[in-house]
Amino acid sequence: VSDLKMLAAFEAASEWRERKAMDSAFAAISWDDARVRASLPEYLTSAGAEREKVDYAFRAMIPKPPSDDKRHEMIHLWIKARLFSYNKAHPFDIKVERP
């Protein structure tokens, strides 16, 4: 939940072009979480149903695409890796709906 709060803070600061607030929000992300760090390469190389479930859950929570700021993309990727680690430990019961 704290990473989602920091994402919201980063986005709000970005809209107001508050560089220091963006920096603070980015620094407050859980970058030191070993479980997420270990899941990141697994998420990046994943495919199929498990990846679809994680991406679907992410889009449901965060429908807005990242801005042009690369740090915004990094936060999105970090949260996806966190969801991937959660899905590994406790598989999501999600039916992915395709348009």
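This is a short walk through one predicted model, going from its helix packing to a few single residues.

I will start with helices H1 and H5. Helix H1 covers residues 2–15, and helix H5 covers residues 70–89. Two packed helices are described by the angle between their axes and the distance between the axes. For H1 and H5 the angle is about 165 degrees, and the axes are 11 Å apart. An angle over 145 degrees counts as roughly antiparallel, and H1 and H5 are therefore roughly antiparallel to each other. Their crossing is left-handed. On the H1 side, the contact is made by Asp-3, Leu-4, Leu-7, Phe-10 and Glu-11. On the H5 side, the residues include Arg-71, Ile-75, Trp-78 and Arg-82. Please keep Asp-3, Arg-71, Trp-78 and Arg-82 in mind; they come back later.

Next, H5 and helix H3. H3 runs over residues 34–45. How are the axes of H3 and H5 placed? They come within 8 Å and cross at roughly 95 degrees. Angles from 65 to 115 degrees count as roughly perpendicular, so that is the term for H3 and H5. From H3, the residues that meet H5 include Val-36, Ser-39, Leu-40 and Tyr-43. Among their partners in H5 are Leu-77, Trp-78, Ala-81, Arg-82 and Phe-84. Trp-78 and Arg-82 are thus listed both in the contact with H1 and in the contact with H3.

Staying with H3, which of its residues are buried? They are Val-36, Ser-39 and Tyr-43. Seen down the axis of H3, these buried residues fall within an arc of 65 degrees, so they line one face of the helix. The general background is that an α-helix has 3.6 residues a turn, so residues three or four places apart point the same way. What covers the buried residues of H3 includes H5 and helix H4, residues 49–61. At the N-terminal end, H3 is capped by Asp-33. A side-chain oxygen of Asp-33 lies 3.0 Å from the backbone nitrogen of Arg-35.

Now to the loop before H3. Ser-30 is in the loop between helix H2, residues 19–27, and H3. Is Ser-30 buried or exposed? Its relative accessible area is 15%; the cut-off for buried is under 20%, so Ser-30 counts as buried. Its side chain makes a polar contact of 2.7 Å with the side chain of Asp-3. Another polar contact, of 3.2 Å, joins the side chains of Ser-30 and Trp-78. Leaving aside neighbours within four places in sequence, Ser-30 is in contact with Asp-3, Trp-78 and Arg-82. Those three residues were named earlier, in the contact between H1 and H5.

Arg-71 is another residue of H5. Arg-71 has a relative accessible area of 17% and is buried. Which side chain makes a polar contact with the side chain of Arg-71? It is that of Asp-23, at 2.6 Å. The C-alpha atoms of Arg-71 and Asp-23 are separated by 9.3 Å, and the two residues are 48 apart along the chain. Not counting residues up to four places away in sequence, Arg-71 touches Phe-10, Arg-19, Met-22, Asp-23 and Phe-26.

Last, Glu-97, which lies in the segment after H5. Glu-97 is exposed, with a relative accessible area of 57%. Its C-alpha atom is separated by 8.4 Å from that of Tyr-56, a residue 41 places away along the chain.

Methods. Residues numbered from 1 in each chain as written. Predicted model: local features only at pLDDT ≥ 70, side-chain atom pairs only at ≥ 80, totals over all residues. Heavy atoms only, no water. Helix = DSSP H or I, 4+ residues; strand = E, 2+ residues; numbered from the N terminus. Buried < 20%, exposed > 50% of the residue type's maximum accessible area, 1.4 Å probe, protein only. Contact = heavy atoms within 4.5 Å. Polar contact = N/O pair within 3.5 Å; in protein donor to acceptor, adjacent residues only side chain to side chain. Arc of directions from axis to C-beta. Axes fitted to C-alpha atoms, helices over the stretch in contact; angles between N-to-C directions. Parallel < 35°, antiparallel > 145°, perpendicular 65-115°, else oblique. Left-handed = near helix turned anticlockwise from the far one by under 90°.
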